[in-house]
Amino acid sequence: MDTQKSPRRTTRLSASSTNHPEATVVYNSHLTLDDLVFGDETISSDELLATLAGRRQQTLDLLCHIGPLNSPLLPLFVYGGAATGKTSTVLQVFKHLNRPFVYSSCRTCYNPKILFESVLNQLMLHTRSSTNGYSSFKRCEKPSDFVNFLKEVLVSVVKNLKENLSKKGSKTSGEHAKGSMVYLIFDNLELVREWDKSSTMLSFLFRLYRILNMTEVGVIFVSNASPDVYYSNAGSMDLFPLHFPDYSEDELRTIFMKSQGNSKLYSSFLSIVLKPYSRVTRRVDELSTAFLPLFQKYCEPLKDSGTALNEELKRKLFTHLQPHISSSLNEVFHAPTHSAGNFLMDKEKLRRKNSSKRLGATERVDEMDFHMSASAKYLLISAFLASRNPATLDASLFDSTGGTDSRKKRRKMSEKTKEMKENAEQELLLKGPGTFPLERLLAIFQCITSMSEDSLNEDQDENIRFEAGADSRLMADVLLQLSSLCNANFISKGGSCPLESSTRYRSLVSEDMTLKVARSLNFPLSKYLYRR
């Protein structure tokens with residue numbers, strides 16, 4: 001009797017394939033290829049430009065690069081800072097064009113396996129549910145397997161799109177997916193750099209268009225990092241870059257004025273808060289979070305939100321809001337040095353400070369003329385120390401005693417050693433501020449904040465307290481603050497070092513400016529600065 005024998009070894013490819021003898025592509029019966037488009041209804045070009053406030057030029061550039069129907073598309077690299085409208089612009093453009101695409105974010109698809117299977121599931125209209133054991137259409141972990149599966153699926157999808165296009169004709173083309181091209185969109189590409197074997201993965205993604213060698217496929221990358229960050233990992237890249245700059249102040253006003261019930265009231269509010277806040281950050285998500293409680297404070301004196309505004313009422317509202325602006329500016333960076341509900345203490349502290357000036361107190365020359373959170377100040381000091389101090393002295397300067405005991409234990413230097421040290425200091429001074437990696441900046445930042453935390457607990461100012469776990473919360477938001485300081489030209493971000501494969505930074509702040517920042521925190525800068 002013939003018995004069916006199972007293979008002695010099950011390979012990864014055979015385990016991921018179906019049980020059918022012929023590998024055929026079967027779509028979900030409940031979904032169609034029209035589900036690959038964005039939204040149920042398309043939008044006109046006027047609606048598209050009106051929806052994307054402040055992104056008219058970038059939208060037109062994107063439409064021009066995508067081109068007419070079924071035109072080949074070279075890989076597109078959309079980049080810019082966080083919250084600059086990159087993803088929303090790309091998705092709204094495809095909603096306007098009504099073309100089929102696959103969207104995968106490297107934030108939710110946090111490893112190659114999930115990313116590969118997400119692309120295949122969308123192309124095959126496969127939904128994971130209890131009926132299929134929440135399994136993917138194909139099990140795929142290796143890039144080589146992904147390419148084989150992707151080619152097979154794309155050939156079938158493009159073929160079906162062409163057949164549907166010929167059947168439906170031009171009469172109903174506006175209600176269905178247009179064209180026979182499929183676009184692959186990879187969002188949050190900068191997060192791939194944190195994966196294992198990130199260099200191999202980035203190189204593979206950038207070469208995916210050439211590997212597939214299909215004119216019916218377009219690839220679009222969306223990233224917060226600029227293309228030069230990826231050159232060291234991927235080498236030469238045939239990409240068309242499209243930059244999304246930060247929003248201007250007028251563009252921010254246009255964005256926040258959309259869908260406002262009382263436009264005159266909110267416009268009066270924006271004329272007060274938008275300018276000082278846009279100097280700190282121009283991220284729409286951060287500003288919207290900060291403006292929400294401030295606008296509620298601004299409207300407190302009003303009995304009715306529909307009250308007509310006059311100059312006297314505007315002055316009254318401004319006077320009521322002004323004490324809360326200074327304290328709220330620290331919350332833009334989510335600085336944990338103040339408790340969550342300390343607006344009243346900050347207002348009282350500001351009142352005492354202003355009253356002391358009115359009573360004739362001498363004005364300090366080291367007063368800062370701009371607002372910055374305490375944690376951002378520590379980060380600025382850390383960058384200055386990393387640029388001015390040699391990296392070999394970090395262990396002695398930032399030990400548990402602040403480097404004081406180690407200096408006392410040093411033996412007396414000879415005249416020749418002193419001369420060599422003076423020459424080295426002079427050479428270091430002529431070179432200017434040096435560059436440093438992110439790891440060194442974070443190490444110095446953690447050292448000085450932990451030392452300052454101990455000193456603040458013994459300080460006479462009872463209004464400022466470090467909460468439990470404040471040190472870890474400071475570190476959690478340091479990358480956001482570093483990006484803001486780079487945008488404000490306090491710190492410059494250079495290219496990647498070919499030996500270390502990491503981005504290097506440089507402090508652009510003068511010593512006088514750093515001394516002002518240090519004095520505002522009562523931080524002994526001279527204690528940790530080399531050559532002093």
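These legends walk through some close-up views of a predicted model.

**View 1. Phe146 meets Phe204 edge-to-face.**
Here's one of the 21 aromatic pairs counted in the model. The ring centres of Phe146 and Phe204 sit 6.2 Å apart, with 70 degrees between their planes. Phe146 belongs to helix α6 (residues 143–168) and Phe204 to helix α7 (residues 198–206), so this pair ties together parts that are 58 residues apart in sequence. Phe146 has a relative accessibility of 1%, under the 20% cut-off, so it counts as buried. Phe204 comes in at 6%, so it counts as buried too.

**View 2. Phe269 and Phe291 make an edge-to-face pair.**
This time the centres are 5.8 Å apart and the planes are 85 degrees from each other. Look for Phe269 in helix α11 (residues 263–280) and Phe291 in helix α12 (residues 284–298); the pair therefore ties together parts 22 residues apart in sequence. Phe269 is buried, at 0% relative accessible area, and Phe291 is buried as well, at 1%.

**View 3. Ring pairs build a cluster that includes Phe269 and Phe291.**
Step back from the previous pair and more rings come into the picture. Phe256, Tyr266, Tyr277, Phe295 and Tyr298 are linked with Phe269 and Phe291 through ring pairs.

**View 4. Arg55 places its charged end over a ring.**
The ring in question belongs to Tyr247. From its centre to the charged end of Arg55 is 4.1 Å.

**View 5. Strand β2 runs parallel to strand β3.**
Strand β2 covers residues 101–105, and 4 of its 5 residues are buried, so the rest of the structure largely encloses it. Its partner here, β3, spans residues 182–187, and 5 bridges join the two. To get your bearings, find Val102: standing opposite it in β3 is Leu184. As a rule, side chains in a regular strand alternate between the two faces of the sheet.

**View 6. Leu69 sits in a loop.**
This loop lies between α3 (56–66) and β1 (76–80). Is Leu69 buried or partly exposed? Its relative accessibility is 43%, so it counts as partly exposed. Leaving aside residues up to four places away in sequence, Leu69 touches Arg99, Lys178 and Gly179. Leu97 is worth finding too: it is 28 residues from Leu69 in sequence, and the two are 8.8 Å apart in space, C-alpha to C-alpha.

Terms used:
Residues are numbered from 1 along each chain as its sequence is written. This is a predicted model: local features need pLDDT of at least 70, side-chain atom pairs count only at pLDDT 80 or more; totals for chains, interfaces and linings use all residues. Side-chain values use heavy atoms; hydrogens and water are left out. Rings of Phe, Tyr and Trp (its six-membered ring) pair if their centres lie within 6.5 Å; planes under 30 degrees apart count as stacked, over 60 as edge-to-face and the rest as tilted. Helices (H or I, at least four residues) and strands (E, at least two) are DSSP runs, numbered from the N terminus. Buried means under 20% relative accessible area, exposed over 50%, partly exposed in between (1.4 Å probe, protein chains only). A charge sits over a ring if NZ of Lys or CZ of Arg is within 6 Å of the ring centre and within 35 degrees of the ring normal. Two strands pair if DSSP finds at least two bridges between them. Contact means heavy atoms within 4.5 Å.
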